[in-house]
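Please look through the structure below, beginning with the protein surface beside the DNA and ending with the cysteines.

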Number of protein chains: 2
Amino acid sequence: MPATIYDIAKKAGVSIATVSRVFNNSAKVSDKARTKVMKVADEMGYHPQAYAQGLASRKNNTVMIVVPVISNYFFMEVLSGVQDKLSQLNYELSIFNISPNKDIEEQVEHVLKRRWAEGYLFISIHLEDSQWENLKRYNVPITLIDEHYEGFDSVSVDNAQGAYRAAKSFFEQGYKRVAMLSALETSKPIRDRMKGYKKALNEFNLSFDEKLVVKGDSMQRDGFTERAGYEAMTKILDMKPMPEACFCASDIQAVGALKAMQDTGKRIPIIGYDDIELAEYMGLSTIRQPMRDMGFFATQNLIDRMNNPEKAISQTIYSPELVARSSTEVKNKKTGS
Amino acid sequence: MPATIYDIAKKAGVSIATVSRVFNNSAKVSDKARTKVMKVADEMGYHPQAYAQGLASRKNNTVMIVVPVISNYFFMEVLSGVQDKLSQLNYELSIFNISPNKDIEEQVEHVLKRRWAEGYLFISIHLEDSQWENLKRYNVPITLIDEHYEGFDSVSVDNAQGAYRAAKSFFEQGYKRVAMLSALETSKPIRDRMKGYKKALNEFNLSFDEKLVVKGDSMQRDGFTERAGYEAMTKILDMKPMPEACFCASDIQAVGALKAMQDTGKRIPIIGYDDIELAEYMGLSTIRQPMRDMGFFATQNLIDRMNNPEKAISQTIYSPELVARSSTEVKNKKTGS
DNA sequence: CTGAAAGCGCTTACAG
DNA sequence: CTGAAAGCGCTTACAG
């Protein structure tokens with residue numbers, strides 16, 4: 001049996017209150033008592049149990065990330081921003097993974113009810129406004145990343161604008177039949193990016209052709225995979241007439257798309273979305289989302305709210321920018337419009 | 001204030017013991033009481049608090065992953081295996097991130113002392129035997145992934161053998177000056193892979209030339225990054241005479257290496273290490289580590305131990321295999337030996 | 001099947 | 001600066 005605060009108190013000849021104070025860095029402990037307690041605690045390998053502390057103090061110094069599908073490049077980069085921020089502070093980080101097979105809202109509520117953390121970072125959790133509203137009653141600090149809802153602090157990127165910029169850049173170069181390599185239509189990012197794609201079409205007086213919106217057959221991770229990208233691009237290259245350029249819904253799909261072009265020997269300019277670290281090394285033109293910054297900033301924001309619950313709610317929206325690399329440099333590039 | 005078990009008990013007209021039993025799926029509750037409690041609990045949005053349950057029952061149904069540098073491809077894939085297994089069971093998953101800037105053993109001990117979970121999966125945590133031995137006294141279920149120590153269950157891959165196979169395949173094709181694109185020398189995987197590289201050299205009667213072991217300058221994530229791979233390959237391609245082939249310590253470094261070759265126009269066959277999902281789409285020959293399987297199997301193993309602490313300790317070691325793709329198909333390939 | 005009661009290992013006013 | 005004591009929200013023998 002591991003030592004408890006009672007064991008330490010007895011051995012150090014003090015009360016459990018004093019032991020507790022030592023571990024909580026309370027100033028009101030004599031150096032003598034502090035030294036003695038630390039010595040004994042060290043000998044016995046003692047450290048306060050998280051669960052007992054949490055129950056008694058009603059706080060646990062923990063920030064929890066709630067995220068669906070953890071093995072995802074976007075998440076990884078956001079996470080590194082979160083970690084950068086958190087490591088400057090004295091909070092512990094825990095991650096809860098929402099399963100894609102069960103009801104999302106239910107799982108989120110479950111996490112909140114369990115009261116695991118003092119503050120939550122929701123990453124890429126997309127709910128209806130009414131569901132978000134419903135979550136407000138838990139009255140706990142939550143910051144949304146990659147999602148937008150007026151009732152909570154949020155940090156997101158304007159997806160429609162990103163897609164718009166990508167499509168627009170193609171149209172400006174004179175391409176008219178620009179495919180959109182898509183993923184699960186009902187997913188929030190796809191819905192938003194679709195809007196941007198259509199907006200650009202509109203602006204250039206081009207009509208929307210649903211045949212140009214293509215997704216793969218594999219739908220794991222909502223279709224944001226190399227495989228789905230490969231499948232979709234294979235279809236695109238098979239179309240007659242073949243589209244002149246392609247906007248991909250994510251860099252990871254674009255990786256699959258590049259491979260499909262290589263395998264078939266056909267090649268059209270493509271633009272990805274995200275700017276994951278790899279993109280630079282693959283020469284992939286893409287729409288940059290400042291993922292690390294988002295994680296860093298959102299964490300700062302969450303901590304601020306934890307310290308000051310009355311703080312005004314803020315929405316932070318980043319504008320994504322186009323990063324041009326070799327995947328859009330194609331020899332037979334058209335010019336003029 | 002959120003509802004407690006007392007609120008529910010009072011409103012449902014039963015004792016707190018009954019409420020507790022309902023939530024713990026105890027069979028010994030009348031349907032009537034169960035229905036009533038569930039109804040009230042639902043109305044009041046009640047769910048037992050993790051910390052109070054954990055304290056009272058001394059278990060928390062949680063498995064914790066302890067891992068350094070979370071944003072890493074190897075980890076992501078192992079994780080998906082863990083999740084596959086865990087989603088079949090009723091355990092909750094939490095992740096603790098070991099900071100690379102602080103003492104690792106200290107952080108690990110801290111986690112164990114805090115008693116956050118009932119079982120731990122240590123991924124890519126490398127310690128000395130004496131340190132592992134020291135950890136045994138916590139007497140808690142731990143399964144090691146990507147590390148090997150006799151005192152704990154472990155699931156790992158034979159790193160030396162993987163490197164050996166990669167190097168050997170080059171030597172068999174007649175290459176003699178085979179570079180090793182390395183990373184932080186003191187890291188465990190590098191030390192092991194170095195052994196395999198040397199073993200192959202030996203077998204082919206080639207002498208070890210330390211100039212052929214090259215790493216990048218960026219040492220974040222111990223040098224296992226695209227950038228470090230790019231830097232290292234740039235150096236390799238600059239050497240006179242230029243090495244004839246290159247074994248990379250990880251796929252992610254190989255991605256950087258491929259870019260360096262593309263940028264300089266020089267090209268030598270390369271083999272990566274890991275077989276991350278991307279490798280297939282980049283045509284990267286590599287040494288496959290069964291990452292998902294490792295995660296899946298290790299989780300199974302951990303759960304088994306949690307249910308049966310007396311179970312014999314087992315070491316599972318996978319043999320990595322070479323997956324040949326286009327990155328080793330170079331036109332000026334030599335033949336014969 | 002159900003309830004009263006002790007206990008899990010801490011924190012934190014309160015009194016000194 | 002320090003200790004006695006109540007309380008955090010649960011679980012779980014024990015007795016019925």
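In this predicted model, a polar side-chain atom of A:T18 lies 2.7 Å from a phosphate oxygen of DNA strand D. Such a polar contact is a pair of N or O atoms within 3.5 Å. A polar backbone atom of A:S15 is 3.0 Å from a phosphate oxygen of DNA strand D. In chain B, a polar side-chain atom of B:Y6 is placed 3.1 Å from a base nitrogen of that strand. The elements giving two or more residues to the surface near DNA strand D are α2 (16–23) and α4 (50–57) of chain A, with α1 (5–12), α2 (16–23) and α4 (50–57) of chain B. Helices here are DSSP runs (H or I, at least four residues), numbered from the N terminus.

This is a predicted model, in which local features need pLDDT of at least 70 and side-chain atom pairs pLDDT 80 or more, while totals for chains, interfaces and linings use all residues. Residues are numbered from 1 along each chain as its sequence is written, chains are lettered from A and ligands numbered from 1 in the order written, and side-chain values use heavy atoms, without hydrogens and water.

In total, 28 residues surround DNA strand D, and among the closest are A:R21, B:I5 and B:Q53. A residue is near a strand if one of its heavy atoms lies within 4 Å of it. Of the strand D atoms within 4 Å of the protein, 62% belong to sugar or phosphate and the rest to bases.

Over all chains, the structure holds zero disulfides, a disulfide being a pair of cysteine sulfur atoms within 2.5 Å. The sulfur of A:C248 is 4.0 Å from its closest cysteine sulfur, in A:C246, which is too far for a bond.

Note on methods
A polar contact is a pair of N or O atoms within 3.5 Å; within protein, one must be able to donate a hydrogen and the other to accept it, and residues adjacent in sequence count only if both atoms are side-chain atoms.
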